[in-house]
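Welcome, and thanks for taking a look at this structure. Please open the view below and keep it at hand while you read.

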Amino acid sequence: MNRRHIISKLAALSALPLTKTLARAQETLPPIVDTDDALYAGIHGEAFEIPPVTMRLLKPQYRRQLVDYATTERSGTIVVDTAHRYLYLVGELGKALRYGVGVGRDGFTWSGRGEIRLKREWPTWTPPSEMIDRQPELEPYRNGMPPGLENPLGARALYIFQEGLDTLYRVHGTSDPASIGLSVSSGCVRLINQDVIDLYNRVPVGSEIVVEQSP
């Protein structure tokens, strides 16, 4: 990759800063590059080592990319298109970062407008009582499952609140690339761990999120 190409990539990313704080944070982030090997390589130095993504399991349209995106939402808003299994981080000048996601099964979805009130690295997962009633095998985790690659929330979680109340829905990570593009969760929005870490680093607490209802 030559210097001119790198500069053009950084220029594209400059449309995405949402606040002065986020702009400073983005200066330390690697640019988005064209190769999937770079986007989805293993991540070292985390609390748990994150292995590289098995790319044959992640369809090309669900890989992280900068796209044209026409919207009335302001820069910095997260928009989840549940019908097409995409999450957009709205930028400026008609651009957005697009990530592939897995979404909730029928009967377990949430839609609406909220905000990211909390963010957690390697969160503990606590299944709701209703989920334990449906899946008694989850009883050992009533008080929480410790962080790790097997934890359903993965490497990061962004907590969705609405009118000041926790919706109990999250944007979170997963180690299962084959689940991206599917309706498989209990309502939450899941991204590959590499993608959720990238999103987590770009989105400050207080960011708006819109989850669009599937038709």
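## A first walk through the model

Let us begin at a turn: strand 3 and strand 4 form a hairpin with four residues between the strands, and within that hairpin L93 takes a positive phi near 60 degrees. Please keep in mind that this is a predicted model. L93 lies in the loop between strand 3 and strand 4, and its positive phi occurs in a residue other than glycine. Is L93 buried or exposed? With a relative accessibility of 80%, L93 counts as exposed.

**Strand 4 and its neighbours**

From the turn, move on to strand 4, residues 95-100. Five of its six residues are buried, so strand 4 is largely enclosed by the rest of the structure. Which strands pair with strand 4? Strand 3, residues 86-90, is joined to strand 4 by five bridges, and the two run antiparallel. Here Y88 stands opposite R98 of strand 4. Strand 1, residues 65-68, is also antiparallel to strand 4 and is joined to it by four bridges. In that pairing, D68 stands opposite K95 of strand 4.

Another residue to look at is R85, found in the loop between strand 2 (78-81) and strand 3. R85 has a positive phi near 65 degrees and is a residue other than glycine. Its relative accessible area is 17%, under the 20% limit, so R85 is buried.

**Strands 6, 7 and 8**

Now turn to strand 7, residues 156-162, which is mostly covered: six of its seven residues are buried. Strand 6 and strand 7 run antiparallel and are joined by six bridges. In this pairing, R120 has A157 of strand 7 as its bridge partner. Strand 7 also runs antiparallel to strand 8, with five bridges between them. There, Q162 has L165 of strand 8 as its bridge partner.

Strand 7 and strand 8 form a hairpin as well, with two residues between the strands. In this hairpin E163 takes a positive phi near 55 degrees.

**Rings and charges**

How many aromatic pairs are there? The count comes to five. One of them is formed by W110 and Y169, which are stacked, with 6.1 Å from centre to centre and 25 degrees between the planes. This pair links distant parts of the chain, since its two residues are 59 residues apart. W110 lies in the loop between strand 5 (103-104) and strand 6 (112-121), whereas Y169 belongs to strand 8. Are these two residues buried or exposed? W110 is buried, with a relative accessible area of 16%, and Y169 counts as buried at 18% relative accessibility.

Elsewhere, Y62, Y69, Y86 and Y88 form one aromatic cluster. Y88 is thus a residue you have met before, as the one opposite R98.

Rings also meet charged side chains in this model. The table gives two cases in which a charged end sits over a ring.

| Charged residue | Ring | Distance to ring centre |
|---|---|---|
| R64 | Y40 | 5.7 Å |
| K119 | Y200 | 4.3 Å |

**Helix 5**

Y200 leads on to helix 5, where this residue is buried. Helix 5 covers residues 193-202 and is mostly covered, with nine of its ten residues buried. Alongside Y200, the buried residues of helix 5 include N193, D195, I197, L199 and R202.

**The largest pocket**

Our last stop is the largest pocket, with a volume of about 610 Å³. Which of its 23 lining residues are the closest to its centre? They are W125, P128, M131, S186 and C188. By class, the lining is made up of eleven nonpolar, seven polar and five charged residues.

Where does the largest share of the lining come from? It comes from strand 8, which supplies five residues. Helix 4 (129-134) and strand 8 (165-174) each give at least two residues to the lining. Strand 8 therefore ties several parts of this walk together: Y169 of the stacked pair belongs to strand 8, and Y169 counts as buried at 18% relative accessibility.

Note on methods
Residues numbered from 1 in each chain as written. Predicted model: local features only at pLDDT ≥ 70, side-chain atom pairs only at ≥ 80, totals over all residues. Heavy atoms only, no water. Buried < 20%, exposed > 50% of the residue type's maximum accessible area, 1.4 Å probe, protein only. Pairing = 2+ DSSP bridges. 1 Å grid on protein atoms, 1.4 Å probe; cavity = no way out; pocket = protein on both sides within 12 Å on 5 of 7 lines; lining within 4 Å. Points joined across faces, edges and corners; volume = space filled by probe spheres on them. Nonpolar A, V, L, I, M, F, W, Y, C, P; charged D, E, K, R; others polar. Phe/Tyr/Trp six-rings, centres within 6.5 Å; stacked < 30°, edge-to-face > 60°. Lys NZ or Arg CZ within 6 Å of the ring centre and 35° of its normal.
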